[in-house]
Amino acid sequence: MALLQKVGDLLAELLSTTEYAMSYNQIRFLVFLAVFFSIFFLLKFRPLKKVWILLGNIFFCIFSGWTGLIIVFGTAVIVYIVSLLMERVYKQYEKDKEGKELKPKEQVAFLSRYKKRAKRFLWLALVLILGLWIYVKVGRFIGMPTVISFKQMFTGMGIIVPLGISYYTLSAVGYLADIYWRKTKPVHNFLDLLVVMTYFPHIIQGPISKYDKLLKQISDIPKFDYKRVCFGLQRMLWGYAKKMIIADRLIIYTDAVFGNLANYGGVEVFIAVVFSGMQLYADFSGCMDIVIGVSQVMGIELEENFRQPFFAKSASEFWTRWHMTLSAWTKAYIYLPIAMSPRFVKVVRTLKKKKHKWLSSFVNSFVPLISVWLFTGLWHGTGADYIVWGLYWCAMMTISNETTLVMDKVTKVLRIDRSRSWFRYWQYIRTYAIFVIGKCFTAAGGLAGFVTIFDRMFAEHKLWVLFDESLFTHGLDRKNFYIAVVGIIMILLVDLIHERGAKIREGIAAIPLPIRWCIYIVAIALVAVFAIYGPGFDASGFAYGEY
């Protein structure tokens, strides 16, 4: 009885926790994962595996609170009902179209009547789903506390933040839009929809997946494959190394400097700015490595979210390599719908007919682009700093796109060989500088902090901190500072290897088994020894876990 009481007390303590209670880099998640995989591989039939994944999703979500799970469930019900209603409208269209001989224009007009009906259902779902998301965003912006019960929420005390609301909201909106555009068909089994919407490896930080593609993989889980499982575990281990060895060290230094800029200047602030970009990359891409690795162990291939972003040569190329699923989502559901909208196309054509060629070209490219970046800024946060961040990247993308031909001509006139290594390195450094400058808009608590960062950076040089060891008093001692720097170099080296097309895991798999396992043991030991642990041996949450 005493043992059962202790187990009950432990479960009560776990289930009473608040937002993001089971982060991917906590001991409890590793225990959960060990139990989950143990039973997952014992199950023989694919339907049972899918049910087990759904149960794992629910158990994982429970750790953020029952009320949050109820909201996610309610969202799934809305998505499910609306998707079937839109399908019913289009089925009626197919039925009514039978036997009618319509010309192309008549077919378009005939279909538009049914699309208008389907659009009403789509807008109803968007108002409900995005309304909740906006409520959470605005609530956070005005400082409402996070609560875990409906009673607290309805009495005006705070907001409930469902687990992964920003990510499952975008996936759900994309799913409904694809059904409206007749690009995909709705899921007819509610539990199938629920299993993809709550899929635990990616619910907190993505990647943003297409429900139909994910469901197909979950429904067709391959048999156990030793090589695939090893590859997945290796990917996870690399993710934990990025997060707990590198990112969690770098953030100690950047928080110390950005949190009290008046006491720092020159080189100290410059290093913090450089570290901030690498810290975010190690944190976010580390999480992606973990969730992609977890899925790969099961036989599910999630979309890649990063492709060596610091080897991008321009701002435009950077966003084809960084947070790739968000970029793909905004292109598919914001940029293209605006750019291809009949009304928008009509405006652009009117400007062109009136011989405003430059203006029509500018409007055609800029309006969809600024819409994307205003949304992206507001998706990350609701403050003025995030809006300015979005506008900043919109400006950088516009400049990058509009000056490509000019730069080609300039380099030809100056006889600069763009294929030379030094020119490529200059482009990499320039892109990284653009990235970290943008990061500074939100790094120090707002636009005033952005101004202070650059004011303090250039107020004095403080070069002596590089030689008198005072640099090692800003949160990181000498040993941890050097570990962080070596970690950054390792990330860049691994990315360079991948950029050149080599496959590290394939190389490891070709090594004889005894040596290979020695490498595994050493890698696990390095992560265990050099990881940064927070209070109670729970490492800090991931950077994008709050979006």
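# Reading helices, loops and burial

Me: What covers the buried residues of α18?
Reply: This is a predicted model. In it, the cover over the buried residues of α18 includes α11 (267-298), α12 (315-318), α16 (384-402), α17 (404-413) and α19 (447-459).

Me: Which residues of α18 are buried?
Reply: There is a run of aromatic names among them: Phe-423, Tyr-428, Tyr-432, Phe-435 and Phe-441. The others are Gln-427, Thr-431, Ile-434, Val-436, Gly-438, Lys-439 and Cys-440. Buried means under 20% relative accessible area.

Me: How do you know that the length of α18 agrees with its number of residues?
Reply: Helix α18 covers residues 421-443, which is 23 residues. The expected span is 1.5 Å times one less than the number of residues. That gives 33 Å, and the end C-alpha atoms lie 32 Å apart, so the two agree.

Me: What phi does Gly-445 take, just after α18?
Reply: Gly-445 has a positive phi of about 80 degrees.

Me: What makes the phi of His-323 worth a look?
Reply: Its sign. His-323 is not a glycine, yet its phi is positive, near 45 degrees. Most residues other than glycine have a negative phi. His-323 sits in the loop between α12 and α13 (324-339).

Me: Why does His-323 count as buried?
Reply: Its relative accessibility is 0%. The cut-off for buried is under 20%. So His-323 counts as buried.

Me: Where is Glu-469, and what is its phi?
Reply: Glu-469 lies in the loop between α19 and α20 (478-499). Its phi is positive, about 70 degrees, although Glu-469 is not a glycine.

Me: Why is Glu-469 called partly exposed?
Reply: Its relative accessibility is 41%. Buried needs under 20% and exposed needs over 50%. Glu-469 falls in between, so it counts as partly exposed.

Me: Why does His-202 count as buried?
Reply: Its relative accessibility is 6%. Under 20% is enough for that label. So His-202 is buried, and it lies in the loop between α8 (190-197) and α9 (211-219).

Me: What does the side chain of His-202 make a polar contact with?
Reply: The side chain of Ser-209 is the partner, at 3.3 Å. The limit for a polar contact is 3.5 Å. Leaving aside neighbours within four places in sequence, His-202 is also in contact with Tyr-24, Val-196, Pro-207, Leu-214 and Leu-302.

Me: What makes α3 oblique to α8?
Reply: The axes of helix α3 (residues 46-62) and α8 cross at roughly 55 degrees and come within 9 Å. Roughly parallel needs under 35 degrees, and roughly perpendicular runs from 65 to 115. The pair fits neither range, so α3 is oblique to α8. The contact joins Lys-50, Ile-53, Leu-54 and Asn-57 of α3 to Leu-191, Asp-192, Leu-194 and Val-195 of α8. The crossing is left-handed.

Me: Why are α5 and α7 called roughly antiparallel?
Reply: Helix α7 (residues 165-180) packs against α5 at about 175 degrees, with the axes 10 Å apart. The cut-off is over 145 degrees. So α5 and α7 are roughly antiparallel.

Me: Which residues in α5 and α7 meet?
Reply: On α5 they include Leu-122, Leu-126, Ile-129, Trp-133 and Val-136. On α7 they include Ile-165, Tyr-168, Val-173, Leu-176 and Tyr-180.

Me: Why does Leu-128 count as partly exposed?
Reply: Leu-128 is found in helix α5 (residues 104-141). Its relative accessibility is 43%. That lies between 20% and 50%, so Leu-128 counts as partly exposed. Its C-alpha atom is 9.9 Å from that of Val-79, 49 residues apart along the chain.

Me: What makes Leu-447 partly exposed?
Reply: A relative accessible area of 33%. That is between the limits of 20% and 50%. Leu-447 is found in helix α19. Beyond its neighbours within four places in sequence, it is in contact with Ala-384, Asp-385, Val-388 and Phe-441. Trp-389 is 58 residues apart from Leu-447 in sequence, and 9.6 Å apart C-alpha to C-alpha.

Me: Why is Ile-488 called buried?
Reply: Its relative accessible area is 12%. The limit is under 20%, so Ile-488 is buried. Ile-488 belongs to helix α20. Apart from neighbours within four places in sequence, its contacts are Ile-246, Leu-250, Phe-275 and Met-278.

Terms used:
Residues numbered from 1 in each chain as written. Heavy atoms only, no water. Helix = DSSP H or I, 4+ residues; strand = E, 2+ residues; numbered from the N terminus. Buried < 20%, exposed > 50% of the residue type's maximum accessible area, 1.4 Å probe, protein only. Contact = heavy atoms within 4.5 Å. Polar contact = N/O pair within 3.5 Å; in protein donor to acceptor, adjacent residues only side chain to side chain. Axes fitted to C-alpha atoms, helices over the stretch in contact; angles between N-to-C directions. Left-handed = near helix turned anticlockwise from the far one by under 90°.
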